[in-house]
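Student: I would like to learn how to read a protein model feature by feature, beginning with the overall layout and ending with individual side chains. Could you take me through one in that order?

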Amino acid sequence: MTAASLLTLLAGCGEKKKSQDIITQRVETVKPQKPERMQEYHDSRDVAWIGRKYRVEVQRQPADSLPLVKDETGQKFVDNAITVAVRRSDGSTFYQHRFTKGDFESYLDDDYRKTGILEGLVFDKADGDWLTFAASVCHPHTDEYIPLVVRLSRMGEVVIRLDSLMDTMSDTLPTEPSSEDI
């Protein structure tokens with residue numbers, strides 16, 4: 001190779017032509033899938049309460065009869081209904097109610113009313129004249145939720161309130177509802 005051809009070759013490599021092509025990345029949006037459902041849940045336990053034995057049963061089921069909820073991506077979710085039953089030792093029913101998010105609406109802001117689902121309701125403890133349950137309304141697939149306390153009196157009265165103590169001091173819950181609970 002001659003020196004002239006080597007210089008021509010090197011000169012040709014030293015300068016690149018600038019392209020007028022615009023390179024973009026294609027971002028694919030995730031299309032919502034069919035409505036998601038939480039798994040069914042059932043818990044049954046014997047509880048000593050007001051000097052007697054009771055069976056407390058809690059059952060969560062996705063409820064197709066309730067309005068679907070959508071998250072910010074458009075993904076739909078089936079809301080849940082949770083049935084709480086308290087049965088006497090002879091099998092008769094002392095209390096039974098099917099809870100939905102609607103039972104907790106007065107404790108939710110507009111965002112949770114629109115995009116939240118009833119996630120759970122679980123038995124916590126028997127305390128004096130009250131059975132206490134923990135409940136939550138959540139944004140699906142997040143750690144965001146509204147914690148609630150549901151209390152059932154020996155007379156069948158239900159009192160619901162926000163859980164401002166959030167399990168950190170659950171042993172110090174009052175045994176009687178305060179005036180703000182009513």
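Tutor: The turns below go from the chain as a whole to a sheet, a core and some salt bridges.

Student: What kind of model is this, and how many helices and strands does the protein chain have?

Tutor: This is a predicted model, and its protein chain has two helices and ten strands. Read from the N terminus on, the elements follow the order α-β-β-β-β-β-β-α-β-β-β-β.

Student: Which share of the residues is buried, and what supplies the exposed area?

Tutor: Of the 182 residues in the protein chain, 36% are buried. The chain exposes about 12400 Å², and carbon and sulfur atoms supply 50% of that area. For the reach of the contacts along the sequence, take those between residues at least 6 apart: 45% of them join residues at least 24 apart.

Student: How should I read a sheet, and which strands form the open one here?

Tutor: Begin with the order of the strands and the sense of their pairing, then go on to the edges and the individual bridges. In this case four strands form an open sheet in the order β1-β2-β5-β6, with antiparallel pairing. Its edge strands are β1 and β6, each of which pairs on one side only, and from one strand to the next the twist averages 10 degrees.

Student: How many bridges join β2 to β5, and how many join β5 to β6?

Tutor: Nine bridges hold the antiparallel pair β2 and β5, while six bridges join β5 to β6, which also run antiparallel. Single positions show the register: V58 has V84 in β5 as its bridge partner, and P62 stands opposite N80 in β5. On the β6 side, I82 is partnered by F99 and V86 by Y95.

Student: What lies between β5 and β6?

Tutor: The two strands form a hairpin with four residues between them, and G91 in that turn has a positive phi of about 95 degrees.

Student: How do side chains lie along a strand in general?

Tutor: In a regular strand, side chains alternate between the two faces of the sheet.

Student: How many residues does the largest nonpolar core have, and which have the most contacts inside it?

Tutor: The largest nonpolar core has 26 residues, and those with the most contacts inside it are F104, L121, L131 and F133. At least two core residues come from each of β1 (41-49), β2 (52-62), β5 (80-88), β6 (93-99), β7 (117-127), β8 (130-138) and β9 (145-153).

Student: If I take L121 as a probe of that core, which residues is it in contact with?

Tutor: Leaving aside neighbours within four places in sequence, L121 is in contact with V58, I82, V84, F99, F104, F133, A134, A135 and V150. Here the sheet and the contact list can be read together, as V58 and V84 are bridge partners, and so are I82 and F99.

Student: How many salt bridges does a search of the whole structure find, and where does the pair E57 and R87 lie?

Tutor: The search finds seven salt bridges. In the one between E57 and R87, the closest N and O atoms are 3.2 Å apart. E57 belongs to strand β2 and R87 to strand β5, so this pair ties together parts that are 30 residues apart in sequence.

Student: Are E57 and R87 buried or partly exposed?

Tutor: The cut-off matters here, because buried means under 20% relative accessible area. E57, at 19%, counts as buried, whereas R87, at 21%, counts as partly exposed. The two values stand on either side of that cut-off, and I would read the labels together with the percentages.

Student: What other salt bridges can be described in this way?

Tutor: One of them joins the side chains of D129 and R154 at 3.1 Å, N to O. D129 lies in the loop between β7 and β8 and R154 in the loop between β9 and β10 (158-162), so the pair ties together parts that are 25 residues apart in sequence. Both count as partly exposed, D129 at 31% relative accessibility and R154 at 37%. Another salt bridge is formed by the side chains of R55 and D46, at 3.0 Å, N to O; R55 is partly exposed, with a relative accessible area of 31%, and D46, at 55%, counts as exposed.

Technical notes. Residues are numbered from 1 along each chain as its sequence is written. This is a predicted model: local features need pLDDT of at least 70, side-chain atom pairs count only at pLDDT 80 or more; totals for chains, interfaces and linings use all residues. Side-chain values use heavy atoms; hydrogens and water are left out. A nonpolar core is a set of buried Ala, Val, Leu, Ile, Met, Phe, Trp, Tyr and Cys residues joined through side-chain atoms within 4.5 Å. Buried means under 20% relative accessible area, exposed over 50%, partly exposed in between (1.4 Å probe, protein chains only). Contact means heavy atoms within 4.5 Å. Accessible areas come from the Shrake-Rupley method with a 1.4 Å probe; for residues, only the protein chains shown count as cover. Two strands pair if DSSP finds at least two bridges between them. Axes are lines fitted to C-alpha atoms, for helices over the stretch in contact, and angles run from 0 to 180 degrees between N-to-C directions. A salt bridge is a side-chain nitrogen of Lys or Arg within 4 Å of a carboxyl oxygen of Asp or Glu.
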